[in-house]
2 protein chains.
Amino acid sequence: MPRFKDDFLEKCDCYLLHEDTVEQVRKQMPDQELLIRLAELYKIFGDATRISILMCLSTAEMCVCDISTLLKMTQSAISHQLRVLKQANLVKNRRQGKAVFYCLADEHVKQIFEQGLVHIKEEY
Amino acid sequence: MPRFKDDFLEKCDCYLLHEDTVEQVRKQMPDQELLIRLAELYKIFGDATRISILMCLSTAEMCVCDISTLLKMTQSAISHQLRVLKQANLVKNRRQGKAVFYCLADEHVKQIFEQGLVHIKEEY
DNA sequence: TGCACACATGAACAACTGTTCATATGTTAG
DNA sequence: CTAACATATGAACAGTTGTTCATGTGTGCA
């Protein structure tokens, strides 16, 4: 029996079992760049510190000092994470005197992690 | 002037600027364990490979070989990530002969990343 | 103008993550 | 039973990430 595999193999180290399924699914797939952006978004939610910060800000506008007090973390750690959140357009800030106040960029952010909460609460 | 700071400082290296806000927000916060679980969930979504796999499975049930062909990745890499997804109860599988077919654990999973897609599409 | 506070940021370091490589397990056909 | 395929898994390795530490920037007050 000839090495049938060698004729078909391209990027996958196995036969193409269900060519029709693969083609059908391929047509439905969003383009890769969108998937990468989606992953980037969730990666930002995927950290307990950042989630906690977002949770705080969903209740009230807060300054860096307040957040670090509440979460019992250093100002530096919070500041670094706020920077990440800001770069991702998940929070915005305004300066008032010495303090800088942060809040959620839009109500949409709240919906995203509330969707996740629903999933978790149903699961356990 | 006495080092006022030393009297107040506990875990945060600054004064407690808005004690009332902090207390109000603290009452609204979900307990920490829940936040950690939420972060764990999003961490799993926060990878382009895993998001791509979930996207595939939202269209059709697929075997490992099909997925690795479609995503142009090695079978091993896909298998490792499917394991992560399964442990998180995001996918389930069934064996049929030599092949193992995977599908989403429930429709809920689909809703989670579709919520993210909405956010991304609105943003740009 | 100088000091103290609030915040930002760069470097460094440990911990974690995702892929590859090699190999093991499970299944079917002959 | 054996060979070949489909999948799973452990070790290793590079790349990434989050915190800490030290220090810089911006603001208000005396």
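## Notes on a predicted protein–DNA model

1. **A base contact to start with.** Look first at B:Q75. One of its polar side-chain atoms sits 2.9 Å from a base nitrogen of DNA strand D. Keep in mind that this is a predicted model.

2. **Who surrounds strand D.** DNA strand D has 29 residues around it. Those that come nearest are A:Y15, A:T49, A:R50, B:S79 and B:Y102. Both chains appear in that short list. Of the atoms of DNA strand D that come within 4 Å of the protein, 65% belong to sugar and phosphate.

3. **Two contacts from chain A to strand D.** What does the side chain of A:T74 approach in DNA strand D? An N or O atom of that side chain is 3.1 Å from a phosphate oxygen. A:H80 approaches a base instead. A polar atom in the side chain of A:H80 is 3.2 Å from a base oxygen of DNA strand D.

4. **Which elements build the strand D surface.** From chain A, helix 4 (48-59) and helix 6 (75-87) each give at least two residues. From chain B, helix 5 (64-71), helix 6 (75-87) and strand 3 (99-104) each do so too. Helix 6 of chain B has the largest share, with five residues. Sorted by class, the surface near DNA strand D holds eleven nonpolar, ten polar and eight charged residues.

5. **Now strand C.** Around DNA strand C there are 29 residues. Here A:S79, A:Y102, B:Y15, B:T49 and B:R50 come nearest. Sugar and phosphate make up 67% of the atoms of DNA strand C that come within 4 Å of the protein.

6. **Contacts from chain B to strand C.** Two threonines approach the backbone of the DNA. The side chain of B:T49 has an N or O atom 2.6 Å from a phosphate oxygen of DNA strand C. For B:T74, the distance from a side-chain N or O atom to a phosphate oxygen of this strand is 3.1 Å. B:S76 approaches a base. An N or O atom of its side chain is 2.7 Å from a base nitrogen of DNA strand C.

7. **Which elements build the strand C surface.** Chain A brings helix 5 (64-71), helix 6 and strand 3 (99-104), each with at least two residues. Chain B brings helix 4 (48-59) and helix 6, again each with at least two. Which element gives the largest share? Helix 6 of chain A does, with five residues. By class, the count near DNA strand C is eleven nonpolar, ten polar and eight charged.

8. **How the two chains are related.** Chain B can be laid on chain A with an RMSD of 0.0 Å. This takes a turn of 180 degrees and a shift of 0.0 Å along the axis. The two copies are therefore related as by a two-fold rotation axis. Both copies use the same surface, and 100% of the contact residues of chain B recur in chain A.

9. **The nonpolar core.** The largest nonpolar core has 74 residues. Which of them touch the most other members? They are A:F45 and B:F45. Leaving out residues up to four places away in sequence, A:F45 touches A:I51, A:L54, A:L90, A:V109, A:I112 and A:F113, as well as B:A39 and B:Y42 from chain B. Such grouping fits a general trend: in soluble globular proteins, nonpolar side chains tend to be buried together.

10. **A covered helix.** Helix 5 of chain B is mostly covered, with eight of its eight residues buried. Among the buried residues are B:C65, B:D66 and B:L70. The cover includes helix 2 (19-28) of chain A. It also includes helix 4, strand 1 (62-63), helix 6 and strand 3 of chain B.

11. **B:Q81, buried or exposed?** B:Q81 lies in helix 6 of chain B. Its relative accessibility is 19%, so B:Q81 counts as buried, since the cut-off is under 20%. B:Q81 touches B:T49, B:R50 and B:I53, not counting residues up to four places away in sequence.

12. **Backbone angles to check.** Most residues other than glycine have a negative phi. A:K72 has a positive one, near 55 degrees. This residue lies in the loop between helix 5 and helix 6 of chain A. A:K72 is exposed, with a relative accessible area of 51%. In chain B, B:K72 comes just after helix 5 and takes a positive phi of about 55 degrees. A:N89 is not a glycine either, and its phi is positive at about 60 degrees. Its place is the loop between helix 6 and strand 2 (91-96) of chain A. At 43% relative accessibility, A:N89 is partly exposed.

Note on methods. Residues numbered from 1 in each chain as written. Chains lettered and ligands numbered in written order. Predicted model: local features only at pLDDT ≥ 70, side-chain atom pairs only at ≥ 80, totals over all residues. Heavy atoms only, no water. Near = heavy atom within 4 Å. Polar contact = N/O pair within 3.5 Å; in protein donor to acceptor, adjacent residues only side chain to side chain. Helix = DSSP H or I, 4+ residues; strand = E, 2+ residues; numbered from the N terminus. Nonpolar A, V, L, I, M, F, W, Y, C, P; charged D, E, K, R; others polar. Core = buried A, V, L, I, M, F, W, Y, C linked by side-chain atoms within 4.5 Å. Buried < 20%, exposed > 50% of the residue type's maximum accessible area, 1.4 Å probe, protein only. Contact = heavy atoms within 4.5 Å. Least-squares fit on C-alpha atoms with pLDDT ≥ 70 in both.
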